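Me: I have a model open and would like to go through it with you. Could we begin at one residue and work outwards?

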Amino acid sequence: MRKLKPYNEDSFEFYEAVVNSKKNSAQDPNYKERLQAHEALISDKFDDYDEGFDDDDLVSLVNHGFINQDKTDLIKLYSYKSKKMQKLKIAVTTTERNRLLSTCQNCTISEVNSFDHFVNKDEFPEFSVHPKNLFPSCTKCNSYKGQDWRDQGQLTYLNLYLDDLPEEQYLFVDINIAHDDAVSTKFYLDNPHDIDDLLFTRIENHYKNLHLCKRFQENADTVITSLENTIRTYSDKLPIEDIIDLVLENAERDIQYYGYNYWKSILELAMVESDDFLEMILND
Ligand SMILES: [Zn+2]
């Protein structure tokens, strides 16, 4: 997981541009007028959001309480496929190396194909197209996330526009080699390096609610097979110690780019530290 840089232009201008892109239809000839009637109020609400975002205090937001037609109108503003949303996605997923980060950073497994509303849009329809409330996400994470975003005054999920992830290791994996050489993995979280309790609890909730450890396990085979192939390819040409060094160096580079506790790198490091795993490959 890595942080993304949030939208850095005026949030309310983004909202106005989305409203302007909407058209009245024969079935609904007053849609735009209804939206425009709320502009002053939405502008105030956007200020509240921006302030909460700048102070890292989104948890304290109070909703306006839009209901019925007004709520439907505001939620309808959001459409992932619209031009404005696609432009936003490109803006926030372009890295410092000018590449597009196409993998969902909530899980680092699946492709981005939606926006997660960090503050949920059912409770806060006023923020359905607030650009800092939209985080590029896969639909799997989005569907696991549901409505809950805060609990007893604490945020339930990591906000990867705001949260600095710890550099200490908190994701671990056990590797087991069965008699038939089948490799199985068990990912888990632990806090042996004393990461701040509040942050570690948020990390735990994020991983638990999005079923990340189970999803890493389900996707582990591609990483295992790829590492097995690398080791086998080099094993005729280099001593095993040198191959391990190369794997470690490569994992370190990935961690620099994809973030500390990147599950693929954690798995690679655990594999080359496993005597059983190396023995299985080299004796094959
Ligand atoms: Zn995801």
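**Working through the model**

Reply: Certainly; please note that the model is predicted. Aspartate 10 lies in the segment before helix H1 (11-21).

Me: Is aspartate 10 buried, exposed or partly exposed, and why?

Reply: Aspartate 10 is partly exposed, because 13 other C-beta atoms lie within 10 Å, whereas a buried residue would need 20 or more and an exposed one would have 12 or fewer.

Me: How far is aspartate 10 from tyrosine 31 in sequence and in space?

Reply: They are 21 residues apart in sequence, and their C-alpha atoms are 24 Å apart in space.

Me: On to H1. Which of its residues are buried?

Reply: Ser11, Phe14, Tyr15 and Val18 are buried in H1. They cover an arc of only 100 degrees around the axis, so they sit on the same side of H1.

Me: Why would residues three or four places apart point the same way?

Reply: An α-helix has 3.6 residues a turn, which is why such residues share a direction.

Me: And which residues are exposed on the other side of H1?

Reply: Glu13 and Asn20 are exposed there.

Me: What covers the buried residues of H1?

Reply: The cover includes H3 and helix H5 (83-93).

Me: What does tyrosine 15 touch?

Reply: Leaving aside residues up to four places away in sequence, tyrosine 15 touches Ile42, Phe46, Val129 and His130.

Me: Now the largest nonpolar core. Which members touch the most others?

Reply: The core has 49 residues, and those touching the most other members are Tyr15, Cys107, Val119, Phe135, Trp263 and Leu267. Several elements each supply at least two residues of this core, among them H1, helix H3 (39-54), strand E2 (134-137) and helix H10 (263-272). H8 gives the most, with five residues.

Me: Where does this core lie relative to the two domains?

Reply: Domain 1 (11-151) and domain 2 (171-282) both give residues to this core, so it lies between them.

Me: How far apart are the C-alpha centres of domain 1 and domain 2?

Reply: The centres lie 35 Å apart. The contact takes seven residues from domain 1 and nine residues from domain 2.

Me: How do the residues divide on the side of domain 1 that touches domain 2?

Reply: On that side of domain 1, four are nonpolar, two are polar and one is charged.

Key. Residues numbered from 1 in each chain as written. Predicted model: local features only at pLDDT ≥ 70, side-chain atom pairs only at ≥ 80, totals over all residues. Helix = DSSP H or I, 4+ residues; strand = E, 2+ residues; numbered from the N terminus. Core = buried A, V, L, I, M, F, W, Y, C linked by C-beta atoms within 7 Å. Domains from an automatic or database assignment. Contact = placed C-beta atoms within 7 Å. Nonpolar A, V, L, I, M, F, W, Y, C, P; charged D, E, K, R; others polar. Arc of directions from axis to C-beta.
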